[in-house]
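Here is a friendly tour of one structure, written for someone who likes cut-offs spelled out. Take a look at the sequence and the model, then read on.

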Amino acid sequence: MVSTPPERDVNEAELDVTTRKTWAAGIPGVTTSLRRGVEQMGALRTGATLRLLNQREGFDCPGCAWPEPRGHRSVAEFCENGAKAVAEEATRRRVGPEFFAEHPIAELAERTDYWLGQQGRITQPVVLRPGATHYTPIDWSAAFELIAGQLRALSTPDEAVFYTSGRTSNEAAFLYQLLVRSFGTNNLPDCSNMCHESSGAALAETTGIGKGSVTLEDVTRADLLVVVGQNPGTNHPRMLSALEKAKANGARIIAVNPLPEAGLLRFKNPQKVSGLLGKGTALADVFCQIRLGGDQALFQAIGHLLLRWEAERPGTVVDRDFVAGSTEGFEEYAAHVAEVDWEAVDVATGLDRAEVERVARMFAESERTVVCWAMGLTQHKHSVPTIREIANVALLRGMIGKPGAGLCPVRGHSNVQGDRTMGIWEKMPEKFLAALDTEFGITAPRSHGLDTVGAIRAMRDGQARVFMAVGGNFASASPDTAVTEAALRACDLTVHVSTKLNRSHVVHGRTALILPTRGRTERDEQAAGEQFVTVEDSMSVVHRSRGRLEPASEHLMSEVGIVCGLALALFGPEHPVPWAALSGDYDLVRDRISRVVPGCADYNARVREPDGFVLPHAPRDSREFTGTRTGKAVFTANPLTVLRVPPGRLLLQTLRSHDQYNTTIYGLDDRYRGIKDGRRVVLVNPHDITDLGLADGQLVTLISEWPEDPTGVVERHAHRFRVVAYDTTRGCAAAYFPEANSLIPLDSTADTSNTPTSKSVVIRLEPEVVSDEP
Ligand code: SF4
């Protein structure tokens with residue numbers, strides 16, 4: 001059975017709120033996976049597709065970047081949200097020329113991202129001409145000529161912006177950055193700018209490499225796992241299997257979060273009868289319900305306590321050999337945290353000192369500690385200092401480059417790390433650019449390009465006139481919705497390489513193109529035969545992905561084909577890069593990758609190993625910190641940030657529902673948090689609801705306040721949110737991304753990383769007049 005897409009958009013009046021769950025997965029996880037698969041694909045296709053998901057000869061999950069186990073894989077090597085991601089891509093619903101003829105752009109612009117996404121796969125390239133009311137079909141060569149013509153007409157290549165989402169394969173990403181640099185700009189913003197840039201910045205500075213230092217085996221061998229600012233039950237669900245395995249091996253888990261997320265508390269493993277029918281595995285031994293933005297203070301306090309205990313019993317807490325031989329900056333750090341301000345720690349964390357001490361004691365007792373984190377840590381103004389403090393504690397204890405220990409920033413989108421490895425970055429190092437020049441006989445530009453925030457500013461101000469995105473939903477993913485949308489509308493041309501409709505297609509430039517591409521699940525036939533692509537997971541494992549389904553339409557091109565087709569139209573056949581040959585045989589692309597990208601030598605052979613290969617990581621592999629200025633890991637002394645909130649205000653974080661992956665909305669339920677049939681909710685502690693004179697279920701406007709010279713304070717409003725009483729930390733609230741993005745101004749970004757601050761937003765809530773109209 002294939003159901004029809006929903007007819008209506010969201011109406012908060014129909015929101016249903018039930019008790020939040022205290023465990024994740026189990027039977028509801030299995031039934032939801034199957035139901036969503038059958039709704040979108042039908043029963044037979046669901047079975048045929050899921051059987052290949054995350055298997056060695058199958059395709060990589062288009063969801064998150066959590067790694068597959070090396071060696072044995074189970075028959076169902078996926079989670080509920082992986083199944084949803086696949087169902088969305090392998091859906092039988094179609095958006096063809098008739099759809100665009102029937103729906104004017106003005107009507108589509110009124111629809112939610114959920115409604116747009118539920119219409120199905122786009123089957124043909126379409127164009128929206130200046131002043132037109134509808135997208136109409138265009139053939140591929142005309143589309144490429146149109147883009148090439150607009151690019152050639154720019155007064156400088158820097159007037160174009162080339163965005164990448166984290167789903168793009170390594171091969172497509174490598175060719176895309178080659179096209180962009182051959183054209184003459186480094187304007188290569190990506191979704192990493194909006195999520196894990198703070199991790200990359202802090203880790204590159206302290207360990208010399210902006211990636212995590214653990215393998216999946218380290219996670220299961222750790223005796224202490226610390227999960228900070230991360231909701232694995234929704235955003236990286238198979239991590240729960242690793243946590244369960246670690247617990248079985250005797251590990252203890254500390255969860256640090258403002259919300260008691262189901263996936264931090266208990267896991268009912270759907271792969272086991274005991275998981276389906278029994279009580280499951282309790283996960284967090286200690287749950288620190290921290291105040292938003294208090295993580296830096298927590299880790300600074302832990303560092304203080306570890307050093308105090310070391311002074312009391314020398315040689316028992318600090319790994320002195322490691323600190324003396326492999327690090328620098330220890331004395332300054334130790335002096336800094338010796339003076340820690342406990343009153344500030346109390347305010348920042350909202351935790352009891354005894355609780356902080358208990359956590360620190362667990363660090364001191366652990367032989368093998370892994371600290372994991374995600375966007376709960378990376379999207380604050382002080383995210384980079386926060387992650388530096390985590391590195392400080394790991395260095396004190398010698399927890400880098402040791403089996404069962406390390407730092408683990410858990411990445412979001414499935415190939416976001418691989419895209420960066422392949423050169424999608426506005427400031428790739430000279431070594432990479434020089435290798436690119438040598439390999440292809442081009443001269444890559446050297447001046448840094450625009451990141452996401454810089455690109456929005458440039459488009460807003462008329463300094464960038466063409467915007468192209470390979471994947472993603474830029475309009476919804478970016479902060480400051482109104483400014484981002486105005487920036488896209490100010491462009492002469494917007495181009496989106498996509499599988500399905502989303503908001504970015506209806507917030508368009510004067511001319512707009514949608515170029516439909518094949519998905520991960522689909523067969524990719526080229527001149528040299530059937531192709532596979534490669535991806536890199538969160539733990540630096542590079543492996544193959546081969547789709548098997550018939551493409552959704554005969555008119556689709558692969559991402560590699562689209563990049564090469566555009567390059568041929570832009571540069572012509574005489575260009576030093578053999579674009580036509582590369583698009584026909586991805587082995588030729590991988591040969592080039594092996595000569596340009598560090599750590600990728602012999603790429604074609606190594607990705608054909610059953611589990612692929614692991615990219616080198618000097619701190620993890622040999623405890624060497626070759627990427628830092630002095631070749632040593634770096635302790636840092638960071639001034640403590642304490643968020644003090646005026647009376648009547650709350651600290652807001654944006655977060656994802658369980659029926660969502662980034663901007664893709666799979667459904668309107670958030671099963672774990674007990675929300676059904678709606679998304680415009682604000683989760684508030686019941687005591688705060690009372691103190692604010694509000695009521696559970698009341699409709700409110702969320703208002704953020706931002707100092708702005710010379711006018712004083714500028715308010716931002718997000719209307720029609722329903723208050724839901726929820727056991728968040730006192731003074732902290734939560735609302736879904738992207739609905740709450742409008743509250744965050746473009747200029748509010750994290751220090752050093754320039755990541756938009758989607759966390760720790762000061763808001764007040766004002767009652768709204770109740771209406772039944774959506
Ligand atoms: S854990 Fe992530 S990669 Fe694995 S199946 Fe789930 S969504 Fe996909």
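Which residue just after α23 takes a positive phi? G441 does, with a phi of about 70°.

## Ground rules

This is a predicted model, in which local features need pLDDT of at least 70 and side-chain atom pairs count only at pLDDT 80 or more, while totals for chains, interfaces and linings use all residues. Residues are numbered from 1 along each chain as its sequence is written, and side-chain values use heavy atoms, with hydrogens and water left out.

A few terms will come up again and again. Helices (H or I, at least four residues) and strands (E, at least two) are DSSP runs, numbered from the N terminus. Contact means heavy atoms within 4.5 Å. Buried means under 20% relative accessible area, exposed over 50%, and partly exposed in between, using a 1.4 Å probe and protein chains only.

## The six-stranded sheet

Let us begin with an open sheet of six strands, whose order is β6-β5-β18-β17-β16-β7 and whose pairing is mixed. Two strands count as paired if DSSP finds at least two bridges between them. At the edges sit β6 (136-137) and β7 (160-164), each pairing on one side only. Helix α8 (residues 170-183) packs on this sheet and touches β7 and β16 (466-470); the direction of α8 makes about 170° with that of β7. Axes here are lines fitted to C-alpha atoms, for helices over the stretch in contact, and angles run from 0 to 180 degrees between N-to-C directions.

Within the sheet, β17 (residues 493-498) and β18 (residues 511-516) are parallel partners joined by six bridges. One place to see this is T494, whose bridge partner in β18 is A512.

## A three-stranded sheet and helix α23

A second open sheet has three strands in the order β21-β22-β23, with antiparallel pairing. Its edge strands, β21 (533-536) and β23 (613-614), each pair on one side only. Two bridges hold β22 (residues 541-545) and β23 in antiparallel register, and V541 has V614 of β23 as its bridge partner. Helix α8 appears here too: α8 lies across β21 and β22, running at about 90° to β21.

Helix α23 (residues 430-440) has F432, L433, A435, L436, D437, E439 and F440 buried. The cover over these buried residues includes α8, α22 (416-421) and α30 (586-596).

## Strand β29 and its partners

Strand β29 (residues 681-684) is covered on both faces: V681 and L683 are buried on one side, and V682 and V684 are buried on the other. With β31 (residues 712-725), β29 pairs in the parallel sense over four bridges. There L683 has V724 as its bridge partner, and V684 stands opposite A725.

β29 also pairs with β32 (residues 732-736), in the antiparallel sense and over three bridges; here V684 has A733 as its bridge partner. Strand β31, for its part, runs antiparallel to β30 (residues 699-708), with nine bridges between them, and V700 is matched with F721 of β31.

## Two helices that cross

Two packed helices are described by the angle between their axes and the distance between the axes. For α15 (residues 295-312) and α17 (residues 330-338), the axes come within 9 Å and cross at roughly 105°. That makes α15 roughly perpendicular to α17, a label that covers 65 to 115 degrees, with angles under 35 counted as roughly parallel, over 145 as roughly antiparallel and the rest as oblique.

On the α15 side, Q300, G303, H304 and L307 meet F330, Y333, A334, H336, V337 and A338 in α17. By class, these residues divide into six nonpolar, four polar and no charged. Ala, Val, Leu, Ile, Met, Phe, Trp, Tyr, Cys and Pro count as nonpolar, Asp, Glu, Lys and Arg as charged, and the others, Gly among them, as polar.

## Two residues up close

Is S213 buried or exposed? S213 counts as buried, at 5% relative accessibility, and lies in the loop between α9 (197-207) and α10 (216-221). Setting aside neighbours within four places in sequence, the contacts of S213 include D218, I400, H617 and R620.

R460, in helix α24 (residues 452-460), is partly exposed, with a relative accessible area of 37%. Beyond its neighbours within four places in sequence, R460 is in contact with V483, A487 and L746.
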